[in-house]
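This report describes selected features of the backbone, the chain contact and a sheet. The sequence and the structure are shown first.

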Amino acid sequence: MNLSGKKITVHDMCLRDGMHPKQHQITVEQMVTIAKAMDEAGIPLIEVTHGDGLGGASVNYGFPAASDEEYLTAVCREMKNTKVSALLLPGIGTVDHLKMAVDCGISTIRVATHCTEADVSEQHLTMAAKYDGLDTVGFLMMAHMIGPEELVAQLKMMEDFGANCVYITDSAGYMLPDHVTERVALARAELRPETELGFHGHHNMAMGIANSLAAVEAGANRIDGSLAGLGAGAGNTPLEVFLAVCDRMGVETGVNLFKAMDVAEDLIVPLMDHPIRIDRDALTLGYAGVYSSFLLFAKRSAEKYGLSSRDILVELGRRKTVGGQEDMIEDLALDMAKARGL
Amino acid sequence: MSKKVKAAIIGPGNIGTDLLMKAMRSELIEPVWMVGVVADSPGLARAAEAGLKTTAEGVDGMLPTMRADGVQICFDATSAYVHAENSRKVNEQGAVMIDLTPAAIGPFCVPPVNLAQAVDAKAMNVNMVTCGGQATIPMVAAVSRVQAVSYGEIVATVSSKSAGPGTRKNIDEFTRTTASGIEKVGGAKSGKAIIVINPAEPPLIMRDTIHCLTEDEPDQAAITKSVHEMVAEVQKYVPGYVLKNGPVFDGKRVSIYMEVEGLGDFLPKYAGNLDIMTAAGLRTAEMYAQEILAGNFVPTAA
């Protein structure tokens, strides 16, 4: 694979996707410390919000240690070069949250929908595109669930609503490099040349690096990862590892590798409540194609109702659940416990 | 009862047509007009076949004769954007407007919770909140009538096929209007609504999760009894309204898991979200009709 000379933008997820394994309890102070260290390391873009995006504070997904507004305000004002993004899932957050995040100083808004439901992002992308200079990104989750043609049709819809960048998101960490290649290559061929293309991976099948490289080779220029892999499931593409690989392959990221490694080791790893690794349940997410943030919910319900978390996750995959259906997990566990006479 | 109140349905789409099928079985409502904007719409053709007067000229096409035709109740099954105009026009002709859009210009009505008050207030416009609101607010109210609820949150999961273009274009209206209904009708001090659209095939039946946080320790027995009673109330007009699990108690959290299967009149059974809207709209109209027929209420232009 020859990627030499390619320029990409890496986007760190620790302070958003990393909120899932932290049950949204990262404090404002911790966020500021980490964000400043990332700024110092030259990471160009970081995401900051509740794990489920703006407005995610809820019984269903978990109440965070601070509000999105508090996190964003505190982080944005401390950044010298690093830009800050916020995630918004229509159905959870609204355009009111979007406006608030813009007022806090974000430079990028990412509007995320399930891969077949891009049309629910019209309201939000259209509004975002009206802000002068706001980097407007469409983000299609669980992209393994549909084929390349159908996926690209949805990406184009987001492009039409005003996204200047669209993402193929492997929320379940299910994809293998060939899946990424065919989707990204078709998207690159069909989207407008000026539209940027991104890939967001999860490491549930240990494919984070390989999939991200496949994405870059097929034409993606934005890659999500998180230092030390802090993210849902087995985490996101471990960013310091990806940066080292990019460096060896001659891909230009503009990030100081050793400083990034130090942030991962010195700040992120000590923050973890449990090791972010491919344990049996995280592997099941990738294997069965299940939304990565279901992991801890399945573990908790399994413990509460005396079930196997793997059984719960496999069933959630069989029922083709999508991102946001965390409420289904306790309901399903109750059904399974009843059926087993527990 | 032989006498019925005449009604018009504005919007001959899926909702309007399903509503028509239900209204034709009603002992209190007689649908006489179907109003559309597209001349060759299949919905208008079906209504004409059923013997209704039809127009493709919008509400304006019905206005000149609606009073002479005896229309006293109108249902708006179009969109929030045109609702206010529609409502003003039919109100001027002395007809009550039952709003199935999320426009929410009139007071909210969730039949088993506040239908009686809505009708007592003799409002000329009542709003049916949202599909998610109709499915979940009764459960919030079932908890809040037992003890104070500081926070009510609902998650409505609907099949992709049952989420129409109107809902998709303005999904924020769903979350805002439903959250407001959780507070104003459900009785929670603060409300939050989440909607998830799932494209699985075969389409999933609408499911709803209701989480309430009570101010004090929940009275488990009283809440459980209240929830079962409320489910029975909703089942009077939506037989497929089923308590799947719960109430589950965890500290001050009360969680209720529902499934809503529709009657399958015009809309498929999985679209319980749409069925509960049309059924609630009709039930509201029937209550108004009772008052009108009893001579307690004469709808008049404001």
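In which loop of chain B is B:Ala104 found? The model is predicted, and in it B:Ala104 is found in the loop between strand S5 (96–99) and helix H5 (111–120) of chain B.

**Backbone geometry**

In general, most residues other than glycine have a negative phi, and most peptide bonds are trans. Against this background, B:Ala104 has a positive phi near 55°. B:Ala104 counts as buried because 22 C-beta neighbours lie inside 10 Å, and a residue is buried if 20 or more do so. Phi of A:Lys320, likewise a residue other than glycine, is positive and near 55°. A:Lys320 is found in chain A, in the loop between helix H12 (309–318) and helix H13 (327–339). With 16 other C-beta atoms within 10 Å, A:Lys320 is partly exposed.

Two cis peptide bonds of chain B are listed below.

| Cis peptide bond | Omega | Place of the proline |
|---|---|---|
| B:Glu201 to B:Pro202 | near -10° | B:Pro202: loop between strand S8 (188–198) and strand S9 (206–214) of chain B |
| B:Gly246 to B:Pro247 | about 0° | B:Pro247: strand S10 (residues 241–250) of chain B |

**Contact between the chains**

Chain A brings 25 residues into contact with 28 residues of chain B. On the side of chain A that touches chain B, helix H4 (122–130) and H13 of chain A each supply at least two residues. H13(A) gives the most to this side, with 5 residues. By class, the side of chain A that touches chain B comprises 7 nonpolar, 9 polar and 9 charged residues. H13(A) also borders the loop that holds A:Lys320.

**A parallel sheet in chain B**

Six strands of chain B form an open sheet with parallel pairing, in the order S3-S2-S1-S4-S5-S6. Its edge strands, each pairing on one side only, are strand S3 (53–55) and strand S6 (125–127) of chain B. Neighbouring strands of the sheet are turned against each other by 25° on average, direction ignored.

Within this sheet, strand S4 (residues 71–76) of chain B runs parallel to S5(B) and is joined to S5(B) by 4 bridges. B:Phe75 has B:Ile98 in S5(B) as its bridge partner. S5(B) is also the strand before the loop that contains B:Ala104.

Which strands of chain B does helix H10 (residues 272–293) lie across? Helix H10 of chain B lies across strand S1 (5–10), strand S2 (29–35), S4, S5 and S6 of that chain, and runs at about 165° to S4(B).

Terms used. Residues are numbered from 1 along each chain as its sequence is written. Chains are lettered from A and ligands numbered from 1 in the order in which they are written. This is a predicted model: local features need pLDDT of at least 70, side-chain atom pairs count only at pLDDT 80 or more; totals for chains, interfaces and linings use all residues. A residue is buried if 20 or more other C-beta atoms lie within 10 Å of its own, exposed if 12 or fewer, and partly exposed in between; C-beta atoms are placed from the backbone. Two residues are in contact if their C-beta atoms, placed from the backbone, lie within 7 Å. Ala, Val, Leu, Ile, Met, Phe, Trp, Tyr, Cys and Pro count as nonpolar, Asp, Glu, Lys and Arg as charged, and the others, Gly among them, as polar. Two strands pair if DSSP finds at least two bridges between them. Axes are lines fitted to C-alpha atoms, for helices over the stretch in contact, and angles run from 0 to 180 degrees between N-to-C directions.
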